[in-house]
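Got your viewer open and a selection box ready? Here is a walk through the model, one stop at a time.

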Amino acid sequence: MIKDRISAREVGTDAWRVVGALNSTASVGKIAHVTRKGRRVTWGRRRENQLDQSRERKEGSLFDIKVYAPQNLRLAWKRVEANRGSGGIDRVTLGEFKERLEEELHFLGEALRAGTYEPSPVRRVYIPKPGQPTKRRPLGIPTIRDQVVQQAVLNRLTPIFEPDMDDANFGYRAGCSTKDALGKVWQEIKQGNEWIVDADLTDFFGTVDHEKLLFLVARRVSDGRVLSFIRQFLAAGYMEEGKYHPTEQGTPQGGVISPLLSNVLLTPFDREMRHRGYNLTRYADDWVVTCRSRRQAEKALKTATEILRTLGVALNPTKTRIVHIRQGFEFLGRTRALSIYQSCISTATRLPATAPGKECK
């Protein structure tokens with residue numbers, strides 16, 4: 001128990017130090033500045049002192065050794081092919097890319113090695129929102145080439161950032177599922193946490209602050225070319241109805257690397273909420289906090305709002321509320337499932353033993 005408390009305190013303090021560093025100066029761009037040769041990152045003295053980097057291991061030359069390695073590019077292609085997605089603005093399909101696979105992978109390897117590769121704008125399409133067929137949300141579809149390159153970078157970044165992820169986070173992680181997230185929430189409700197902070201983020205993927213995100217990435221990755229590529233991807237813009245639109249903020253849903261980047265940005269939020277003793281459960285941009293009283297829920301919402309604001313993320317005030325389990329609430333589109341939990345609570349019945357989710361592995 002003591003060891004667990006120490007671990008939580010250390011993790012939380014580290015997370016809040018990052019949040020404080022993000023909020024301490026006006027310019028984050030100077031911190032994550034890539035030199036002309038793309039070989040290193042220049043860190044501002046004030047920000048470097050505030051963040052105890054001796055506690056972290058930074059990865060260096062990912063591009064030179066790993067990203068454009070032929071075996072990594074081939075693995076990236078296999079994962080892109082398995083995803084069976086569509087093509088981007090060049091309209092090249094998976095089948096067409098596969099027909100000239102060796103030529104394409106060779107081109108990508110050489111362009112990445114020479115530092116001449118530039119991402120294309122994504123193709124914007126709209127799909128219905130889950131559970132809201134009359135509303136649509138935008139997706140940004142990269143070209144197949146960009147999907148392979150993003151996957152190649154993702155292959156190398158995931159092992160670096162996955163150990164940093166918090167147990168409250170179930171989104172876009174191997175071995176984690178919506179069932180696991182719901183199981184955690186149910187266990188907390190069964191323990192008497194019947195007040196719920198039912199929160200919604202305002203256009204999270206469309207409003208991500210590029211500079212704050214790059215600062216958090218640069219805490220663990222010092223390879224200037226990796227940081228430069230991520231910046232290029234974020235700023236590539238999108239095409240809609242034949243017109244180009246720049247992107248000064250946000251990371252497109254549909255991008256291969258976007259899920260990881262969203263987790264990197266929200267990990268300080270996860271950690272600090274846990275450090276302060278709150279039962280946070282998050283899956284992507286959907287999250288809830290279970291509490292024992294309305295007063296605790298109000299404090300949790302205030303704390304969450306402050307942390308998220310520091311990270312450049314805003315809550316949707318019209319969709320964020322505090323409710324008792326008797327009123328029901330929605331999490332991961334599972335209003336009906338959670339209404340069953342409500343019934344179990346009110347009648348003092350027990351949930352079947354198969355309900356709790358497993359731990360993420």
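## The whole chain first

Before selecting anything, take in the overall wiring: of the contacts between residues at least 6 apart in sequence, 74% join residues at least 24 apart. Keep in mind that this is a predicted model. Colour by secondary structure and you should get 14 helices and 10 strands. Switch on a surface, and you are looking at about 18400 Å² of accessible area, 48% of which belongs to carbon and sulfur atoms. Of the 361 residues, 47% count as buried.

## Stop one: the antiparallel sheet

Select strands 8, 9, 5 and 10. In that order they make an open sheet of four strands with antiparallel pairing. Strand 8 (279-283) and strand 10 (321-324) are the edges, each pairing on one side only. Look along the sheet and you can follow the twist, which averages 20° from one strand to the next.

Now zoom in on the middle. Strand 5 (residues 195-200) and strand 9 (residues 286-291) are held in antiparallel register by six bridges. On its other side, strand 5 runs antiparallel to strand 10, with four bridges joining the two.

Which residues stand opposite Trp195 in strand 9 and strand 10? Show sticks for Trp195: in strand 9 you will find Cys291 across from Trp195, and in strand 10 the residue opposite Trp195 is His324. Step along to Ile196, whose bridge partner in strand 9 is Thr290.

## Stop two: helices on that sheet

Keep the sheet on screen and add helix 8 (residues 178-190). Helix 8 lies across strand 5, strand 8 and strand 9, and runs at about 165° to strand 8. Then add helix 12 (residues 258-275), which packs on the sheet and touches strand 8 and strand 9. The direction of helix 12 also makes about 165° with that of strand 8.

## Stop three: Asp166 in its loop

Back up from helix 8 into the loop that links it to helix 7 (144-161), and pick Asp166. Is Asp166 buried or exposed? Its relative accessible area is 3%, so Asp166 is buried. Turn on polar contacts and check the backbone nitrogen of Ala168, which sits 2.9 Å from a polar atom of the Asp166 side chain. Then expand the selection to contacts: leaving aside neighbours within four places in sequence, Asp166 touches Arg173, Asp270, Arg271 and Arg274.

## Stop four: Val148 in helix 7

Next, move into helix 7 and select Val148. Val148 has a relative accessible area of 0%, so it is buried. What is in contact with Val148, leaving aside its neighbours within four places in sequence? Show those residues and you get Leu73, Ala76, Trp77, Val80, Phe97, Leu105 and Leu108. For a distance to draw, try the C-alpha atoms of Val148 and Arg79: they are separated by 8.3 Å, with these positions 69 residues apart along the chain numbering.

## Stop five: the mixed sheet

Hide all that and bring up strands 4, 3, 6 and 7. These four form an open sheet in the order 4-3-6-7, and here the pairing is mixed. Its edge strands are strand 4 (132-141) and strand 7 (243-245), each pairing on one side only. Direction ignored, neighbouring strands in this sheet are turned by 40° against each other on average.

Zoom in on strand 3 (residues 122-129) and strand 4, which run antiparallel and are joined by seven bridges. Pick Arg123 and look across to strand 4: the residue opposite is Ile141.

## Stop six: an aromatic pair and helix 10

A search of the whole structure turns up four aromatic pairs. One to select is Phe204 with Phe205: the ring centres are 5.2 Å apart and the planes meet at 75°, so this pair is edge-to-face. Both Phe204 and Phe205 are buried.

Carry on along the chain to helix 10 (residues 210-218). How many of its nine residues are buried? Eight are, so helix 10 is largely enclosed by the rest of the structure. To see them, select His210, Lys212, Leu213, Leu214, Phe215, Leu216, Val217 and Ala218. Finish at the start of helix 10, where a side-chain oxygen of Asp209 comes to within 3.0 Å of the backbone nitrogen of Glu211.

Methods
Residues numbered from 1 in each chain as written. Predicted model: local features only at pLDDT ≥ 70, side-chain atom pairs only at ≥ 80, totals over all residues. Heavy atoms only, no water. Pairing = 2+ DSSP bridges. Axes fitted to C-alpha atoms, helices over the stretch in contact; angles between N-to-C directions. Contact = heavy atoms within 4.5 Å. Buried < 20%, exposed > 50% of the residue type's maximum accessible area, 1.4 Å probe, protein only. Polar contact = N/O pair within 3.5 Å; in protein donor to acceptor, adjacent residues only side chain to side chain. Areas by Shrake-Rupley, 256 points an atom, 1.4 Å probe, with all protein chains shown as cover. Phe/Tyr/Trp six-rings, centres within 6.5 Å; stacked < 30°, edge-to-face > 60°.
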